[in-house]
Structure formats: C-alpha cells, structure tokens
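Please find below some remarks on the model you sent round, set out as numbered points. They begin with a local backbone detail and then widen to the sheet, the domains and the chain as a whole.

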Amino acid sequence: MRRAVLVFALSDPANLPLLRAIARAGDWDLYLVPPTLIEPARAAGVVAHDAFALLDEAAAARIRAQAEGMVRRVEACEPLLARRFSSGTRTFWPRMRGPFLRALAGVAVRTRTMSAILERIAERAGLAAVVLGFDTIAAGRAAAATARRLGVPTVHVPHGVLARPRVPMRWQGAQVFADAVCAPGPYSHAGYVAQGVRPDAVRLTGSPRWDLYAALDAAARARCREAVAAALGLDPAAPLVVYGATWVERGTAHSCAHQQAALAAYRQVLEGVRRLARRRVQLVVKLHPGEWSRPSADGPSLLAGYHGVARRAGVERVVVTAGYKTELIAAADALVVLNSNLGIEGLLCGRPVVNVPLLPVEHDCLFADEPAVVALRRLEEVGAALAAVLDDAALRARLAAAAPAAVRRYAHEPDGRASERVAAVVAELARAA
Amino acid sequence: MEAAGEVEARVARAGALARAGALGAAEAEYRAALALDPASPAARAGLGVVLLGARRPHEAEAEFRHAWQAGATVGLSGLALCLRERGALDDARALLETALARGLDDPLARDLLAELPPAAPALGEAIALEGLGFSYADETLALRCRRCGRAWEEPAASPMCDLALACAGCGARARAVPEAFAAAAARVRPPLAVGDADALDRVTADLVAAWHGDPALAAALDLGDVNVGAAAEQELMAVVLDAILAAAPGGA
C-alpha cells in the first residue's frame, strides 16, 4: 500500500499546485483536513482522501467521551482555577468560566480527532509526513505532537509572512511547533531565526500560494480585469480601487483600538474614492476570510454593513465580495491594504499598493519605510494617496521600479516554483525519518 | 453593425426562451450576447431576470447593477429585488428612494418601495448596547430594551455587520449599523493606550502560558499527546483578555 501524507489547513485553492507537488514528490496519497480541495486535487491527478472518513461514529463517540471526561476533571479543579485567574480583589473566573470550559471541550475534541487520524493513517498505510498550514492552533499542535511520537516529520507551510507582534506569543508564531518551517522569504526567515528557531529548521522556499502570480503577465492581467468586471458588474475601462478589509484579532488588548481603526480606515478609503468621483473610480471591498468565515458569520448583514457605510459616505459604486482575490489583485489600479500579505501579492502582480497602518506606527509593521509601497503614517492620508497613485504616473513608475527589491525581501525567488521547493523539503525529511 | 444585430437577435431569442420557461437556454443565449457585447444593458438586465428566476439572486445582483449603472431602468427594480432577497433592506430602500427622488417614473420601483418595511430605529433609541464580550470566534453584544427593560445577549460575527435587533419581550426593534456599533463599543470597551495594551498583553500571555503547567491541572488536562490547556492557548488568550478587560474600571 502507498504511504501517505496528511495535509492540514491548506485549503486555499491557490495551494492546489502544492498538493500536486507533494503527492508527486514521494508518490504519496494525501489525506486532507479539511476536505475542501479533495475534488480539485483528484481532478489534478492526486490520490486524495477525506481524513475525517477514517473515523467512524464509534471513534467519534469515544473522542467526545474523552473530551467530556477531561472537562469534568478540570471542573473538579475550579477553586484552583478561580485563584489562578484573579488579581488582588479582582476575580476573572466567573465571567470566563463558560467560554473557557467550552473552549477546552472543543479543543479536546479537535486535538484527539487529529491524533486519532494520524494514528489511523500510520496503521493503514504508513504515514510519511505531516504538512501543516497552521501549527499554532490546537489541531496543528496536536498533529505535531502525535507525529513526533510516531517518528513522522512535520513541516509547517505558513499562509503568509511571519508577523512581528509587539508582544511575542508562541501561539502567534513566536514558536514553531513543527520540525521545520518553510519561510516565504528572507523577511520571515530572519524573524524565525531571531526568535530562536534553529536555522536548519527554517527552509527558504517561498510561498506556494503565491506561485500563481509568476504566470500573470500583462495579457493575463488584462484577462483578469475583463473577467472580474463581467463577474462583478464593473466597468473595465474605469479605474478600479481594491480595498482589502480585515477582521478584528481578539487575541491582543489592542483589539479595542483595531475595531475603531478598521471602520475609520474604510471610511477614509470611501472618502478618497468619493473625492475621485469625477474619475468614475470603482471600489471593490475584498473581504478577509477571517471576517467572512467566522462561526456566526452572517453574509447578508456583513454585506449590508459595508454597503451601508459606503452609502452614508456618499459612495454608490462599491462592490463587496469574498471571492475573485487573484483577479482583483491583478486588475487593481490601486490596492489598499492594512499591514497585510495582500500587499505583497499586489507587489508580485506589479500593482500600486497603499498600506494603511492599523497598528501604532512605531510598530515594526509590514512595509514600514518600504519605497515600493505608499506606506501611510496616518489614516487621514488615504484619500491623497489614492489620488496620487491614480493620477501621478511618475509615482507609479517609482513604485514599480522599487517593487522587485521589495518582492525579494518578502518572497523568496518568485518564480512560481515554491510548491516544488516545499515538496522537496517534505520528501527530504520523510527520507531521513 | 453586424455584431450589434446579432446581439439584438440573441437578446430577443433569449427573452422568448425565458418567457417560455426555458431558463437554462435563455441564460445561454444572454451569455452568448454578452460575449459579443459585454456592456449590453439589455443582455445584462435580461440575464439578471433569468438568474433571479432561477433563485440565484447573488449572481443576478451583479447583472442588474451593471444594467442600472448603464442606464437600463429595469436594472433598478431587479437590483432592489436582489437586495431585498439577501436582507439588505436599507440598501434597497435607499436605492429606490434616491432614484425616485431624482424623478424616475417607474411604477414597479414605487410598488417595491411601498412593500419594504419601515427602517428600524438606530441602536440606542429603543435598544441599547450595555456591554461587549468577545471570544476567539465571536463578539457578544449585551443588550437592554429601553421599553420593557429586558436584557439579553446576541452574537455578532463582525463589528462591520448591519444587525437587525429585536426585543423578544415587547417587539421593540433597532438596527446596529457599523458606525453606531463602533461608537457604542468605544464607550463600553474604550481603546487602550499603546503601552497599557502591551502591558496587559504581557500579563495575560504569561497567565495563559502558565496556568496549565500546575501539576493538578496538567493531570486533568492530559489527553493523549497533548496538554489540552496548552493546545488551547490561542483560543483562551481572547477569553482571558475579555474577562480582564471587563473587570477593569468602567469595563463592561
């Protein structure tokens, strides 16, 4: 029986070439969690399986029982928890008790499920390697721990560049739980090494998700523009501003400020577009998956929220979408981002990028002092920056001239072959195990 | 001229097919017309009608929007229907009111506007936001009805949502648009100064990273290859932060 690789949390369709490359690298079957890309992977010639199908109802029931038992054991320690989560006369436990125990129960199910999947693949076919899109979230950490016990190598393939949070936390990337991490570029490589990851565990591969941009020449971009205009009811001849919205990360005390700033940034973008109405500028809001796909996400009310703010700001030509990311980036006359990987993708496509700082400006955010990007210091500068990018050909030329160096900083060898390099790392570690 | 004639012929054929109920064939004809002239307002509007008839309002919306922006009146009512379909009642209302106020004479648009329910009052009038909670996944709004005094909680996926709120006690309604939500949130959870937020993050992160190492708790949390408390650090950070912020003076 052919050996297999478990692939976790790499379900962006842009990762399809990576799945193909991994399967080819060792002539492996792939087990996918989640199973989102199974059909496209099979259509591309990959033998792909739904990893959840390995667990029958009896196994699922056992896992639920184990999780419930764990919660009961923790509940028996409540006085200790109440003491732990208090400060002086203030006690935090009563408010957090419910969500805390629910989170633990959910994590117990997810971690046990992941471990059981790895064990089942190892028994059935032989597990060659585990490839993790996230290794800091619960299921990713469980996969790394179980694979280590089984003697199977783990490789982390990040979704984007390594951020530089003001307060490093291991669950935000300050620790790599997998055996090796594939750095998208030198910026990330330096970050991983600086935070203590062994240099030989950091492989400079590039980001597989960005491979597709290597094939996007001017003609392909023009086709993207036609396609996205037709799909979203836009005028391909009128200027197109794409705004990459973001979600509120609740894992930091700065989130209360972010929440205010996210709305303020959007309103500044709208004000900039409104001022350019004579140019028939069209705005497309590209929703972040972290906002669109949250558990209680309600698409209509989210769309209504963005549309309503635009209407009250006097902007009628606005489209809000969670799709067409590649086409929109490729087609944009200006791309407005919030300290985001979307900006790097814009640079890879040769698009003018305006970066809006959501974090305090002294923070070492992406694009600080980056000559290839219009890096703003204050939200109020958005309107003027948009006008400059759309009207000033000399500025666009300067940005374009500086883009290759910026790309090299964030993206290793943007030649469309990062998928192959990541697959080679997986194969090398699997051989050595 | 030849292409224009073909577009016109295809649009006419598509219209006939649609009227005969052959929606699939009509869609194909409209798309063939749009392949020849992507800007054709008649083909866009016709395709929108077919898509709406096929219960595909999200796709229809883009076609109607295109048609309306290109000057096809039929695009307006189609677009309003799509907006109503996806619950964007305020957008539908604003679209129709603006067009009619500008002098558009369209009985269908007037009828549609009359059918829309009246706008709900703003957040803070009948229903007030009194607190805000969050977890790794969602926001929780603590609400109180000013009419009957009932208090309850509702989840919200994003502060950018336009939420329709209703009191189950007396039926009072409110709408929380993002601007109002942000203003209320700033009151109940004011942004922290950068240094204060950093300090709080350090304290909370230390707490989240350490609690599960206590021997009694570690034994309770042991499940196979992981300490569940350690594996849950990312999710618990938000939960613990929420509790600490709520306990701060003025926190809610």
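1. The model is a predicted one, and the first remark concerns its backbone: A:Asp27, which comes just after α1(A), takes a positive phi of about 55°.

2. The helix that precedes this residue, α1 of chain A, spans residues 16–26 and is mostly covered, with eight of its 11 residues counted as buried. Those buried residues are A:Leu16, A:Pro17, A:Leu18 and A:Leu19, followed by A:Ala21, A:Ile22, A:Ala23 and A:Ala25. Which elements cover them? The cover includes the strands β1 (4–8), β2 and β6 (127–132), together with the helices α2 (38–43) and α16 (418–432), of chain A.

3. Several of these strands recur in an open sheet of seven strands in chain A, where the order is β3-β2-β1-β6-β7-β8-β9 and the pairing is parallel. At its edges stand β3 (48–50) and β9 (202–204) of chain A, and because each has a single partner strand, one side of each is left without a neighbour in the sheet. From one strand to the next, the twist averages 25°.

4. At the β3 edge, the pairing can be followed residue by residue: strand β2 of chain A (residues 29–33) pairs with β3(A) in the parallel sense over three bridges. A:Leu30 has A:Ala48, in β3(A), as its bridge partner.

5. On the domain level, chain A is divided into domain 1, made up of 4–207 + 415–432, and domain 2, which covers 215–410. The contact between them takes 10 residues from domain 1 of chain A and nine residues from domain 2 of chain A. On the domain 1 side of chain A, the residues that touch domain 2 of chain A comprise, by class, four nonpolar, four polar and two charged residues. Taken over C-alpha atoms, the centres of domain 1 and domain 2 of chain A are separated by 30 Å.

6. For the chain as a whole, the secondary structure of chain A comes to 16 helices and 15 strands. Its radius of gyration is 23 Å, close to the 22 Å that the globule rule gives for 433 residues, so chain A is as compact as a globular protein of that length. Along the principal axes, the C-alpha atoms of chain A fill a box of roughly 65 × 60 × 40 Å.

7. Two further totals describe the packing of chain A: 55% of its 433 residues count as buried, and, among contacts between residues at least 6 apart in sequence, 69% join residues at least 24 apart.

Terms used: Residues numbered from 1 in each chain as written. Chains lettered and ligands numbered in written order. Predicted model: local features only at pLDDT ≥ 70, side-chain atom pairs only at ≥ 80, totals over all residues. Domains from an automatic or database assignment. Contact = placed C-beta atoms within 7 Å. Nonpolar A, V, L, I, M, F, W, Y, C, P; charged D, E, K, R; others polar. Pairing = 2+ DSSP bridges. Helix = DSSP H or I, 4+ residues; strand = E, 2+ residues; numbered from the N terminus. Axes fitted to C-alpha atoms, helices over the stretch in contact; angles between N-to-C directions. Rg over C-alpha atoms; globule rule 2.2 N^0.38 Å. Buried ≥ 20, exposed ≤ 12 C-beta atoms within 10 Å, placed from the backbone.
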